[in-house]
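Thanks for making the time this morning. Please have the sequence and the model open in front of you while I talk.

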Amino acid sequence: MSVIPDMLRSEYFFDVNLVEYKEIFDDVSYVWEIVRKIQAGEFINRLARSGCQAVSVSELNGFNVNGSFEGRIANGSVIGSGVVVSGAGGVLCVDKGAEIKPGTFINVGTNAVYIGCGARVGPNAHLDAVKGSIYISANVELRQCSYVRECSVISAGAVIGNSCEIKSSFIGLDAEVPHFNYVGDSVLGSKAHLGAGAKISNLKIMPDPEKADTVKIRYEGQTWDTGLRKMGAILGDNVQIGCNAVTNPGSIIGKNVFVYAGSNVSGFIPSNTVVKLRQVFERTGLNPNIA
C-alpha cells in the first residue's frame, strides 16, 4: 500500500477540534474521500434523523402542507406566513428557537430535514431534500432565496446568503457563503469565506457532461484518481476566496490561504499561501471630441 502524503490527509486542512461532526473523518484516508462520503448520503441521513429524535412533537401550525410527512416542531420556534412543506413519507424537524420566514419552501421527500436551535431560514429560501437529507445546525443563517440541496450539512454559525446554492457539501463552523455563490460536492473548513460571486466548479467541461471523466489530483509529480465524476473543492480552515474567483474541479486548498479576486484556481494550494492574479492595465488619454 502506498504511503499517503501528509498534505493529502484531512488533518492538513482541518483542525478536528473545530469540526462539529467529527464522524465525517471516520474511515477517510485521502481528504477527498469526505466528498464521496457526503455524496453517499448515509452519514447525513443519520445525522439529520438523530437530530430529529431530540425534537418534541407538536402540530404543524402555520405550514401549508402538501403530501405526507412527519413533522416535529419544538415549542418556541416561529413559522412565518406562506411557508410550504411537501413530503412523501419523510420527516421535518424544527428545533427550539428556530425561525422559518415567509415564503420558504421545504421538500423533504422520503428523507429528513433538521433545522437546529436558533437557526433562521428565509425568507423565500428553498430546502430540497428529495434526493438526500439536509442538516442545518444551530444558529445557522440561510438568507433570502438561498437554495440548499440534497446531502448537505451546514454547521453551527454558518451563513448561506442571498441566491447561494449548496449541493452535496459540508460547510464548516462559522463559514460564510454569503453572496451569489455556488458550492457543489465540496468541503469548507471552519471560518472559510467566499467573496461575492465566487464559484466552486464541480464538473469537468465535456461535450456530453454525462460522460465527464473522473477528477484527478496531481501532487509532486504523482496523480491520484478520486473516482469522483463530481468533485468541487476542499477549502481548509480560514481560507478566503476573493470576489468572482473560480475554483476548478478537484481544487484542494490548505489552511489560511488567500485567493485574490478574479483568480482561476486549480490543483493543490499549500497552506499559508496567497494566490494572486496580476493584470496589465493600459491607460490612455480621453479624446474630448468623442461623444
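I will go from the whole chain to one helix, then to its cysteines, and finish with two loop residues.

Let me say at the outset that this is a predicted model, so please hear everything that follows as a description of that prediction. The protein chain has three helices and 30 strands. Along its principal axes, the C-alpha trace spans about 70 × 65 × 40 Å. For a chain of 291 residues, a compact globule would have a radius of gyration near 19 Å, and the 20 Å found here agrees with that. Of those 291 residues, 52% are buried, while the surface that the protein chain exposes comes to about 13,200 Å², with carbon and sulfur atoms supplying 50% of it. As for contacts with a separation of 6 or more, 26% of them are between residues 24 or more positions apart.

Now let us turn to helix α3, which takes in residues 42–53. This helix has twelve residues and reaches 17 Å from its first C-alpha to its last, which is close to the 16 Å expected at 1.5 Å a residue. Which residues of α3 are buried? They are F43, I44, L47, A48, G51 and C52. What covers them includes the helix α2, at 33–40, and also several strands, among them β1 (63–73), β3 (83–94) and β6 (112–115).

One of those strands, β3, deserves a closer look. Nine of the twelve residues in β3 are buried, so that the strand is mostly covered. β3 pairs with β1 in the parallel sense over ten bridges, and within that arrangement N64 stands opposite V84 of β3. Strand β5, residues 105–109, also runs parallel to β3, and four bridges join the two; here you can find S86 opposite N107 of β5. Finally, β3 is joined to β6 by four bridges, again running parallel, and in β6 the bridge partner of C93 is Y114.

That residue, C93, brings me to the cysteines. How many disulfides does a search of the whole structure find? The search finds one, and the pair is C52 with C93, whose sulfur atoms are 2.2 Å apart. As a general reminder, a disulfide is a covalent bond between the sulfur atoms of two cysteines. The link of C52 and C93 is right-handed, with 120 degrees about the S-S bond. Because C52 lies in helix α3 and C93 in strand β3, the pair ties together parts that are 41 residues apart in sequence. Both C52 and C93 are buried.

What, then, of other cysteines? C145 is in no disulfide, and the nearest cysteine sulfur, that of C164, is 11 Å away. C145 is partly exposed, at a relative accessible area of 38%. For C151, the closest cysteine sulfur is in C52, at 15 Å, which is too far for a bond. C151 is buried, with a relative accessible area of 4%.

I would like to finish with two residues that sit in loops, and I start with D185. Where is D185 found? It is in the loop between β17 (182–184) and β18 (187–188). Is D185 buried or exposed? At 1% relative accessibility, D185 counts as buried, because the cut-off for that word is under 20%. Leaving out residues up to four places away in sequence, D185 touches V35, Q39, K167, S168, S169, N202, K230, M231, G232 and A233.

The other residue is G197, which lies in the loop between β19 (193–194) and β20 (199–200). G197 is buried, with a relative accessible area of 11%. With residues up to four places away in sequence again set aside, G197 touches H179, F180, N181, N244 and A245. If you would like a distance to check on your screen, G197 and I171 are 26 residues apart in sequence and 17 Å apart in space, C-alpha to C-alpha.

To come back to the middle of the talk, the point I would ask you to keep in mind is the disulfide between C52 and C93, which links helix α3 to strand β3.

Key
Residues numbered from 1 in each chain as written. Predicted model: local features only at pLDDT ≥ 70, side-chain atom pairs only at ≥ 80, totals over all residues. Heavy atoms only, no water. Expected span 1.5 Å × (residues − 1). Buried < 20%, exposed > 50% of the residue type's maximum accessible area, 1.4 Å probe, protein only. Contact = heavy atoms within 4.5 Å. Disulfide = S-S within 2.5 Å. Rg over C-alpha atoms; globule rule 2.2 N^0.38 Å. Areas by Shrake-Rupley, 256 points an atom, 1.4 Å probe, with all protein chains shown as cover. Pairing = 2+ DSSP bridges.
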